[in-house]
Amino acid sequence: MICLKNISKTFYSAFGESKKVFQKLNLEIQDEDFISIIGSNGAGKSTLLDSITGNIILDEGEIKIDGKNICCLKRYERGKFISKVYQNPSLSTASSMTIFENLSMADNKGKCFGLSLGANHKRKEYYQLLLKKLDLGLETAMDTEVQYLSGGQRQCLALIMATLNHPKILLLDEHTAALDPKTSKLIMERTENIVKEKKIATLMITHNLQDAIQYGNRLIMLHDGKIILDIQGKEKEELSIECLMKLFHQKATYSDVI
């Protein structure tokens, strides 16, 4: 469904120094893939997601969704079928708006509507049903401003908003990194449930190796803009952190040589 073909990107500093992030990178993502993306700082993880959303314009290459090259589309046009949840909940939700207003806004994404149609009162019961599945009590607090929610509640709301209109692809940019371990586990469980239920192709950046191993059907490791590991199926199910680190050192050393 999603194909990144020969994508290349080089950044330049104010002093004219160049840093080549991707050079002819290729990646194919199947319809229901839930892919964890790991790698050290500067490996290209965020650049990969930003290339898909249009935050970064590639130097060359194609990104195709359902056979259509989206590189010519502007960011807001891609937003109609690409959703993203950020590490900072404030980037995914509107703090001064209520839960109901935030859900209405997400529901109207990509649609034309006037101020009178901004709040979808006919869909309120449906929103409450979705929130009830989270088991956080949010369905009884629809008129509460989002700024008064906990970090975990806001990230769960952001997940519901991001998947409300069944996007082609969901991008998760370290969406549990700012949370405590208990809340992070809760968010990951809710994430897995939503992705499986709605069958959305998902890319998740994480620095938590245990989460990368435990969740999703596929794990990709980036190093210096290259995919040095792509593990899935039974191999991923049997993977341990120790084994993963061993593979990283082997592959990273080999990658540096070639």
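# Salt bridges, a sheet and a pocket

Let's start with one residue: Asp230 has a relative accessibility of 35%, so it counts as partly exposed. That label fits because buried means under 20% and exposed means over 50%, with partly exposed in between. Keep in mind that the structure you're looking at is a predicted model.

Who does Asp230 pair up with? Its side chain meets that of Arg218 in a salt bridge, with N and O 2.8 Å apart. The two residues come from distant parts of the chain: Arg218 sits in strand E9 (residues 218-223) and Asp230 in strand E10 (residues 226-232), 12 residues apart. Is Arg218 buried or exposed? Arg218 has a relative accessible area of just 6%, so with the cut-off for buried at under 20%, Arg218 is buried. There's also a third member here: salt bridges with shared partners tie Asp33, Arg218 and Asp230 into one network.

Now go to Lys84, in strand E6 (residues 82-85). Which residue of helix H1 does Lys84 reach? Here the partner is Asp50, which forms a salt bridge with Lys84, the closest N and O atoms lying 3.2 Å apart. Along the chain, Asp50 and Lys84 are 34 residues apart. Asp50 has 17% relative accessibility and counts as buried, while Lys84 is buried with 14% relative accessible area.

Lys84 also forms a salt bridge with Asp173, where the closest N and O atoms are 3.9 Å apart. That link spans 89 residues, joining strand E6 to strand E7 (residues 169-173), where Asp173 sits. Both Asp173 and Lys84 are buried.

A search of the whole structure turns up 14 salt bridges. Here are the ones we've met, with their distances:

| Pair | Closest N to O distance |
|---|---|
| Asp50 and Lys84 | 3.2 Å |
| Asp173 and Lys84 | 3.9 Å |
| Arg218 and Asp230 | 2.8 Å |

Next up is a sheet. It's an open one with 4 strands, in the order E2-E1-E4-E5, and the pairing is antiparallel. Which strands stand at the edges? They're E2 (18-29) and E5 (68-69): each has a single partner strand, so one side of each is left without a neighbour in the sheet. Further in, strand E1 (residues 2-12) runs antiparallel to strand E4 (residues 60-65), and 5 bridges join the two. If you want to find a bridge yourself, look at Ile2, whose partner in E4 is Ile65. Helix H1 (residues 45-53) packs on this sheet and touches E1, E2 and E4; its direction makes about 70° with that of E2. That's the helix that holds Asp50.

Lys84 comes back once more when we look at pockets. The largest pocket holds about 600 Å³ of space. It's lined by 27 residues, and the closest to its centre are Gly79, Ile82, Ser83, Lys84 and Lys109. Which elements give two or more residues to the lining? They are helix H2 (75-78), strand E6, helix H3 (99-107) and helix H5 (151-163).

One of those, H3, is mostly covered, as 7 of its 9 residues are buried. Among them are Ile99, Phe100, Leu103 and Ala106, along with Asn102, Ser104 and Asp107. What do the buried residues of H3 pack against? They pack against helix H4 (124-132) and H5, and H5 is another element that helps line the largest pocket.

Terms used. Residues numbered from 1 in each chain as written. Predicted model: local features only at pLDDT ≥ 70, side-chain atom pairs only at ≥ 80, totals over all residues. Heavy atoms only, no water. Pairing = 2+ DSSP bridges. Contact = heavy atoms within 4.5 Å. Axes fitted to C-alpha atoms, helices over the stretch in contact; angles between N-to-C directions. Salt bridge = Lys/Arg side-chain N within 4 Å of Asp/Glu carboxyl O. Buried < 20%, exposed > 50% of the residue type's maximum accessible area, 1.4 Å probe, protein only. 1 Å grid on protein atoms, 1.4 Å probe; cavity = no way out; pocket = protein on both sides within 12 Å on 5 of 7 lines; lining within 4 Å. Points joined across faces, edges and corners; volume = space filled by probe spheres on them.
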